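Me: I'm new to reading protein models and would like to go through one piece by piece. Can you help me with some questions?

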Amino acid sequence: MAASGDRRFSFQTGHKNSFGAIDYVIFAATLAVSAGVGIFYAIKDRKRKNIKDFLLAGGNMHVVPVAMSLIATFMSAITMLGTPAEMYNYTTMYLYIGLGYLLCMAASAHIFVPIFYNLKLTSAYEYLEKRFSRGIRTLGTSLFTVQMIVYMAIVLYAPSLALNAVTGLSLWGSVVAVGICCTFYTTLGGMKAVLWTDTIQVGLMVAGLLAALIQGCIELGGLSRAWRIATEGGRVDFSDFRADPKVRHSFWALTLGGAVIWISNYGTNQAQVQRALTCGSLRHAQIALWINVPGLLIILGLSSLAGIVMYAFYSSCDPQQFGLVSGNDQLFPLFVMDVLGHLPGLPGLFVASIFSGSLSTMSSGLNSLAAVILQDILRPYFLRGMSEERATLCSRALGSACIVRHVGVSDVGTLHSRRLLPLGKYLGSIRRFVLEPGDHALDWRGRLYSQSQARSLHPTHTRVQLEPDQSQLLGPVDGLTAFDRNGTLSSQGAGGAISLNMTTSASGLNVSLAEATETSALEELYQLSYLWYGILAVSVVVVVGLTVSFVTGCLDPKEVDPRLVQPVCSVFCPFLPKACLQYLHCGVQHHKRDEWDRREEKQRQRDAKVKVTFLEPEVEMKSFQKEDVIFELETVRLHPVSS
């Protein structure tokens with residue numbers, strides 16, 4: 001990679017570009033705009049103190065902001081830092097996860113969302129009480145709370161650490177600033193502020209990726225040249241169709257395993273359930289999910305192409321070996337500072353786009369945490385009969401408290417991007433509802449025991465290591481000018497011209513696999529690709545849960561509320577004969593859903609009846625005179641006699 005004009009890059013000088021004043025202004029402006037949205041909706045909705053308005057945006061939001069919010073929630077800063085590094089270190093096989101998005105959205109929109117929407121739930125874990133018991137509901141809420149706090153800490157701390165190492169942006173300054181801003185607009189504006197700030201932040205994320213991609217292509221001489229260099233370096237590969245579950249990124253792992261992992265986000269995650277309920281109808285909620293797909297694919301494509309360009313840019317000098325960065329999570333920020341550092345404001349735009357991903361994920365997390373803690377813990381156990389106004393105030397307070405808790409665990413250590421993508425997906429898949437909508441035989445004992453068994457399996461995949469091909473790369477050298485494509489390093493020092501020749505492959509890196517050794521069955525299990533974790537967990541829950549349920553006495557299908565079990569065959573194969581569909585329903589009486597609705601409505605009316613107290617009147621007559629006119633006043637006192 002040769003320098004453009006008189007400009008010199010980090011691998012030529014050994015020094016990294018840093019933030020300028022304009023960059024800080026743009027970063028601050030991003031936070032200010034988000035805070036402004038929160039203030040706007042706090043003023044606009046100041047007279048609305050209903051919990052539905054605060055947590056569900058009144059239930060009448062347009063599909064576009066809901067779809068944009070879904071994109072921003074699940075495409076976090078981890079994606080924007082991890083995907084380019086994935087392309088740099090591995091191959092383009094990761095792009096197959098886009099097919100997993102499609103499978104995930106089909107299942108989420110037509111299996112999971114209808115259940116939650118038709119039940120009119122505020123918390124996704126209310127389903128667990130209806131399906132199993134209150135104890136299972138509380139357990140699910142507790143696990144979600146811990147998982148979300150840890151995940152939000154990673155989403156905020158990891159990019160802050162990476163940007164601090166490369167750009168010089170203050171680590172704890174950015175953590176505190178972003179945390180305070182997120183708490184501010186989430187607490188003041190509620191769900192409406194979250195949805196509209198997410199929409200703005202999606203635009204910033206796309207703008208940041210486009211800026212880095214376009215300028216990188218300009219420096220290299222075009223995207224076609226970058227693609228050719230990546231192909232020569234073995235980074236362009238779409239041919240791994242091995243069924244071996246130990247293969248990190250195969251077609252089957254990315255499509256099937258990726259779909260199951262993403263279903264935990266779009267099918268059962270509390271943040272998604274709340275967004276579905278903000279729509280005016282079930283159809284609008286489903287449309288919002290499908291609109292979300294092109295957005296996911298655009299961000300996946302842009303970040304992957306940025307990784308290809310980044311690989312071509314550093315193809316003759318690995319920044320990690322050169323000592324410019326200490327982790328893969330710092331690769332993309334270094335690349336951005338190299339190609340955009342000479343353009344005032346654009347590095348700030350990139351940092352704003354990274355933290356937009358963090359803000360959107362955190363705001364959604366805070367809002368969902370406030371909802372589940374209020375609905376699943378405080379109201380059922382401690383604050384029964386709480387008014388809507390007090391519940392809204394409590395939700396605001398919970399959002400503020402959650403950010404303090406999550407910042408408290410933010411110092412999780414350096415997380416390289418080779419761990420960011422797997423860790424983010426694993427944390428998103430530790431909670432699964434796949435059994436509940438589809439399996440009628442499972443009872444609460446089977447569910448509880450199977451969950452404990454699934455959570456005991458934490459396989460760790462050994463990452464394929466990347467090692468230098470033949471000769472080691474040099475550290476920073478005074479007067480260093482460039483590596484050319486043949487590996488020739490030229491320098492003009494004080495004593496005259498120096499030329500060193502390094503024989504390297506086109507990629508400069510070779511993938512080396514550890515020698516095969518005899519392993520036990522358990523050790524083989526621990527070599528699974530992280531993308532199969534979800535399928536493994538679901539399999540354990542199904543097998544163990546059904547076994548325990550049948551031993552302890554499984555539920556009679558006729559007694560199962562059909563509104564809690566989605567007839568998958570009827571959804572995706574409605575053309576089958578009616579008799580065949582009824583057989584596939586396994587005894588669950590889906591044709592009696594209306595009867596269950598009427599039964600629940602009658603129960604609700606019975607519970608809502610107020611006890612009537614019969615009163616006996618006591619009449620007292622009083623007389624008084626004013627200006628020769630006599631007035632008689634009759635006073636009636638009522639005394640309770642029975643209830």
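Me: Which residue forms a salt bridge with Lys-246?
Reply: A salt bridge here is a side-chain nitrogen of Lys or Arg within 4 Å of a carboxyl oxygen of Asp or Glu. The closest N and O atoms of this pair are 3.3 Å apart, so the pair fits that cut-off. The partner of Lys-246 is Asp-244.

Me: Before we go on, what kind of model is this?
Reply: Residues are numbered from 1 along each chain as its sequence is written, and side-chain values use heavy atoms, with hydrogens and water left out. Local features need pLDDT of at least 70, side-chain atom pairs count only at pLDDT 80 or more, and totals for chains, interfaces and linings use all residues, as this model is predicted.

Me: Is Asp-244 buried, partly exposed or exposed?
Reply: Buried means under 20% relative accessible area, exposed means over 50%, and partly exposed is in between (1.4 Å probe, protein chains only). Asp-244 has 30% relative accessibility, so it counts as partly exposed.

Me: And are Arg-563 and Asp-561 buried or exposed?
Reply: Their side chains meet in a salt bridge, 2.7 Å from N to O. As for cover, both Arg-563 and Asp-561 are buried.

Me: Which residues are joined into one network by salt bridges that share partners?
Reply: The structure holds 10 salt bridges. Those that share partners link up into one network, made of Glu-129, Arg-134, Arg-137 and Asp-376.

Me: In which helix do Glu-232 and Arg-228 both lie?
Reply: Helices are DSSP runs (H or I, at least four residues; strands are E, at least two), numbered from the N terminus. Glu-232 and Arg-228 meet in a salt bridge of 3.2 Å, N to O. They sit 4 residues apart, about one turn of the helix, and that helix is α10 (residues 223-232).

Me: How do α15 and α16 run, roughly parallel or roughly antiparallel?
Reply: Axes are lines fitted to C-alpha atoms, for helices over the stretch in contact, and angles run from 0 to 180 degrees between N-to-C directions. Under 35 degrees counts as roughly parallel, over 145 as roughly antiparallel, 65 to 115 as roughly perpendicular and the rest as oblique. Helix α15 (residues 331-340) and helix α16 (residues 346-382) pack at about 155 degrees, with axes 9 Å apart. That makes α15 and α16 roughly antiparallel.

Me: What is the phi of Lys-120?
Reply: Most residues other than glycine have a negative phi. Lys-120, in the loop between α6 (97-119) and α7 (126-131), is not a glycine, yet its phi is positive, at about 55 degrees.
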